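Biologist: I am new to protein models and would like to learn how to read one. Could we go through it feature by feature?

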Amino acid sequence: MTMARMIMIGTFSEKGVRGLMTNDLDREAIVKKTCEAVGVKFVSFDILQGPFDFMAVAEGNAEQGVAMKGAVSLSGDFEQIHLCTSISLDAVRSNVKKIMGTYTPPSGSLNLRCHGSFPLP
């Protein structure tokens, strides 16, 4: 499987904030140990100021990322956790070009205007 850069960003629950403020546990070391448990390469962990409370960056596959998110969510210490995976825009563009060369939509004609998040080439 291909290793991808995964970004986990989220917010702590009231229970999580209470624990964060009242104990001296090294959160970065805990996140690193969690990554290592499933063979994920730890990159970084940061506490944030703003709409999100933390961000963890690691390299692994989708199954490992979903497993980590699921396991830590069970603690009840998080309000929300978003798992984002970085992608290669060049690879996406290449695949779009391949699809556009072969795909015929139900209407019979392609509308090449921007749809959703990505403009079509």
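**Reading the model together**

Modeller: Let's start with one residue: Gln64 is buried, with a relative accessible area of 15%. Buried means under 20% relative accessible area, exposed over 50%, and partly exposed in between (1.4 Å probe, protein chains only). Gln64 belongs to helix α3, residues 62-73. Before we go on, note that this is a predicted model: local features need pLDDT of at least 70, side-chain atom pairs count only at pLDDT 80 or more, and totals for chains, interfaces and linings use all residues. Residues are numbered from 1 along each chain as its sequence is written, and side-chain values use heavy atoms, with hydrogens and water left out.

Biologist: Which residues is Gln64 in contact with, leaving aside its neighbours within four places in sequence?

Modeller: Contact means heavy atoms within 4.5 Å. By that rule Gln64 meets Val38, Gly39 and Val40. Gly39 comes just after α2 and has a positive phi of about 80°.

Biologist: How do I read the helices and strands of the chain?

Modeller: Helices (H or I, at least four residues) and strands (E, at least two) are DSSP runs, numbered from the N terminus. Here the chain has four helices and four strands, in the order β-α-α-β-β-α-β-α from the N terminus on.

Biologist: Is Ala37, in helix α2, buried or exposed?

Modeller: Ala37 counts as exposed because its relative accessibility is 67%. Its C-alpha atom is separated by 9.5 Å from that of Met68, 31 residues apart along the chain. For the chain of 121 residues, buried residues make up 22%.

Biologist: What is a nonpolar core, and which residues touch the most other members here?

Modeller: A nonpolar core is a set of buried Ala, Val, Leu, Ile, Met, Phe, Trp, Tyr and Cys residues joined through side-chain atoms within 4.5 Å. The largest one has 13 residues, and Val31, Cys35, Val40 and Phe45 touch the most other members. At least two residues of this core come from each of β1 (4-12), α2 (27-37), β2 (41-47) and β3 (54-60). Leaving aside neighbours within four places in sequence, Val31 contacts Phe42, Phe45 and Ala56.

Biologist: I see cysteines. How many disulfides are there?

Modeller: A disulfide is a covalent bond between the sulfur atoms of two cysteines. The rule looks for a pair of cysteine sulfur atoms within 2.5 Å, and the count comes to zero. Cys35 counts as buried because its relative accessibility is 1%, while Cys84, at 38%, counts as partly exposed.

Biologist: How can I find parts of the chain that meet although they are far apart in sequence?

Modeller: Try Ala4, in strand β1. Ala4 and Ser88 are 84 residues apart in sequence, yet 9.7 Å apart in space, C-alpha to C-alpha. Not counting residues up to four places away in sequence, Ala4 touches Ala58, Glu59, Gly60, Thr85 and Ser86. Among contacts in the chain between residues at least 6 apart in sequence, 68% join residues at least 24 apart.

Biologist: Finally, which residues lie nearest the centre of the largest pocket?

Modeller: Rolling a probe the size of a water molecule over the atoms shows where empty space is left. On a 1 Å grid over the protein atoms alone, a pocket is an open set of points where a 1.4 Å probe fits, with protein on both sides within 12 Å along at least five of seven lines; lining residues have an atom within 4 Å of a point. Of the 18 residues lining the largest pocket, Met8, Val31, Phe45, Ala56 and Val72 lie nearest its centre. The largest share of this lining, five residues, comes from α2.
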